Amino acid sequence: MSDTQTQIQNRPPSVATLFLERVERTPDAEAYRYPVRAASGSGPDDWKSLTWSQAAERVYAIAAGLVDLGVRPEERVALASSTRVEWILADLGVMCAGAATTTVYPQTNADESAFILSDSESRVLIAEDAAQLAKAVARRADLPHLHHVVVVDATGVETDDDWVLTLADLEARGAAYLEKHPEAVKERIGEITADQLATLIYTSGTTGRPKGVRLPHDNWSYMAKAIAATGLLTGDDVQYLWLPLAHVFGKVLTSGHVEIGHVTAVDGRVDKIIENLPVVRPTYMAAVPRIFEKVYNGVAAKARAGGGAKYKIFQWAAGVSREYAKATQDSFRRTGSATAPFGLTAKHKVADALVYAKIREAFGGNLRACISGSAALAPEIGYFFAGAGIHILEGYGLTESSAASFVNPGEAYRTGTVGKPLPGTEVRIADDGEILLRGPGIMQGYHGLPEKTAEVLESDGWFHTGDIGELSADGYLRITDRKKDLIKTSGGKYIAPAEVEGQFKAVCPYVSNILVHGADRNYCTALIALDEPALLAWAAEQGLAGRSYAEIVAAPGTVEMVQGYVDQLNEGLQRWQTIKKFRLLPRDLDIENGELTPSLKLKRPVVERAYKGLIDEMYAGAREA
């Protein structure tokens, strides 16, 4: 048995134990960086740091404060906050108290928040601010289990009610408790068992109420060890963490961080990413495909705005980038060395000086690799960044598998695949193409829903992912689509809409979201939402400056422009996959209207219901086979 396998098999029962070990090993090393807004309210943020021992002081105070509030092992403490350093400290505090974190997206409305708090029977809610507190106050009568709300940012919050206290109050309470019971937190940690509930994450379902996924402490301990075993990260790395921590993708990164001990810079404000990257200068960042799509669209739009010559240079460089990435990846697969033909290498060097170096600098200049997950990244966008020196390693996992089941292996990564399984995770492909997983990362089941659990989790531990995929001879997995999202046309042809959608995103620099429709129809159609910043820049060139997004997408010239990209897409598709008609949406899809999940995945049923009229219009008068 290898050292890696031994470490994974002999892992401690919880990340709380790993946290204790990390603090003991490197107490004075930098653990977290976080922004503090300038006092004037303008100007750049001031970034501050916490060492591991400073973080531990706060974590243990939070844990002891929860113990003093009467929170017992496995009882739930809900966290409703955007991504910030206090989220991580609070989550670690909950785990160190032996309790379980219920994650709540800050965008979740009052009704669904109340359902999650009630279904999880959460005893305490840690709310980010007055807005998150207000949701609980509005439904207080329906939440008999909720004994306290702890507010992180107490601006505008009244705390004269015993039901509400600030995070500072909780930490002070915990510090006082530890003076009387100095070993209380370490005792709680020592009592944690591997199968004890650590986290309840509610999946953002496309229909009906979300389901609570029960993830025990062992899931996170395994993930921490398995991530370290990939060798992708070292203690010298700087991670930029902006993903929503209520989502399993963001949450799993905090486990790997504790085990490896690198620096993590935390700021969940998506609108600050471009500003933060040159400040943080990360070596590593995880993101969802939409972020890379937006960067690609932004670079293309900027080049176009620079005039015809600049745009031609960009298009040439983009082509060279993709060709170079494919050549070097193919070379590495065959020989173990990433090389390209001399002529292509020479063109790549010129393109690097003209285009790629600026893109890398925009990412901070130190980026070794990005991890992309949560949804499929269009391969042509992946190849573009790979050739430009931004190495995007796609991974794969679900909430039910603690996020990280597959990841591409460093230099040997292959764009268009999600890589190989993490050490300790098993995979097999069912007869119908569905991906099945088994291993220490798989959930215990759905909270209070044994029938739903039995539908996806077999008695021998195999979990049905609902995704369709293919395994290469050497173990790389390619996801082709969601099992339930496969389209069967009235002519009997199966189509993977995500594959067509991904190809369109690589072709059209103005697209934000696209939904391909065609189930039980005799041809495919699409609903297309355009990227507003890119579209407005294009519109200004067309004499449409000053018009609203809705006015621009309704203009005949815009429809004609998009039609050109649809025609380009169709040239590379099978006849039954081609988009015969499309409609431009009057606004982009968003989380607030329930059309995207908080990780920016498309909710197909919601979008199809909302725009049923447009879909019907595209099939009006068509003779269905």
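## A first look at cysteine 524

Is cysteine 524 buried or exposed? In this predicted model, cysteine 524 is buried, and its relative accessible area is 0%. Strand β25, which covers residues 524-530, has a number range that begins with this residue number. Cysteine 370 is likewise described as buried, with a relative accessible area of 0%.

Which cysteine sulfur is closest to the sulfur of cysteine 524? The closest one belongs to cysteine 508, but the distance is 18 Å, and cysteine 524 therefore has no partner within reach, since this is too far for a bond. A disulfide is a covalent bond between the sulfur atoms of two cysteines. When the whole structure is searched for such bonds, 0 disulfides are found.

## The sheet of β24, β25 and β26

Strand β25 belongs to an open sheet of 3 strands, which are arranged in the order β24-β25-β26 with mixed pairing. The strands at the edges are β24, made of residues 511-517, and β26, made of residues 579-584, and each of these pairs on one side only. On average, and with direction ignored, neighbouring strands in this sheet are turned by 25 degrees against each other.

Between β25 and β26, which run parallel, there are 5 bridges. To see this pairing in the structure, one can look for isoleucine 528, which stands opposite leucine 584 in β26. Helix α22, formed by residues 612-619, packs on the sheet and touches β24, β25 and β26, while its direction makes about 135 degrees with that of β25.

## Strand β13 and its two neighbours

A further set of parallel strands can be followed around β13, which spans residues 369-372. On one side, strand β12 (residues 284-287) is joined to β13 by 4 bridges, and these two strands run parallel. Strand β14 (residues 392-396) also pairs with β13 in the parallel sense, over 3 bridges. Isoleucine 371 takes part in both pairings, because it is the bridge partner of alanine 286 and also has leucine 393 in β14 as a bridge partner.

In a regular strand the side chains alternate between the two faces of the sheet. In β13 both faces are covered, with Ala369 and Ile371 buried on one side and Cys370 and Ser372 buried on the other.

## Salt bridges between charged side chains

How many salt bridges does a search of the whole structure find? The search finds 37 of them. One of these joins the side chains of glutamate 275 and lysine 272, with a distance of 3.2 Å from N to O. Glutamate 275 is partly exposed at a relative accessible area of 39%, whereas lysine 272 counts as buried at 16%. Both residues are also part of a network of salt bridges that links Asp45, Asp267, Arg269, Lys272 and Glu275.

Other salt bridges connect parts of the chain that are distant in sequence. Lysine 505 and glutamate 293 form a salt bridge in which the closest N and O atoms are 3.5 Å apart. Because lysine 505 lies in helix α17 (residues 497-507) and glutamate 293 in helix α12 (residues 289-305), this pair ties together parts that are 212 residues apart in sequence. Lysine 505 is buried at 16% relative accessible area, and glutamate 293 is buried as well, at 4%. A further pair is aspartate 474 and arginine 414, whose side chains meet at 2.5 Å, N to O. Here the residues lie in loops and are 60 residues apart, with aspartate 474 between β20 and β21 and arginine 414 between β15 and β16. Aspartate 474 counts as partly exposed at 36% relative accessibility, while arginine 414 is buried at 11%.

## A helix and a threonine

Helix α13 contains 28 residues, numbered 308-335, and reaches 40 Å from its first C-alpha to its last, which is close to the 40 Å expected at 1.5 Å a residue. After α13 comes glycine 336, which has a positive phi near 85 degrees.

Threonine 166 is placed in strand β7, which consists of residues 164-166, and with 13% relative accessibility it counts as buried. Leaving aside residues up to four places away in sequence, threonine 166 touches Val150, Val151, Ala154 and Thr159.

Terms used. Residues are numbered from 1 along each chain as its sequence is written. This is a predicted model: local features need pLDDT of at least 70, side-chain atom pairs count only at pLDDT 80 or more; totals for chains, interfaces and linings use all residues. Side-chain values use heavy atoms; hydrogens and water are left out. Two strands pair if DSSP finds at least two bridges between them. Axes are lines fitted to C-alpha atoms, for helices over the stretch in contact, and angles run from 0 to 180 degrees between N-to-C directions. Contact means heavy atoms within 4.5 Å. A disulfide is a pair of cysteine sulfur atoms within 2.5 Å. Buried means under 20% relative accessible area, exposed over 50%, partly exposed in between (1.4 Å probe, protein chains only). A salt bridge is a side-chain nitrogen of Lys or Arg within 4 Å of a carboxyl oxygen of Asp or Glu. The expected span of a helix is 1.5 Å times one less than its number of residues.
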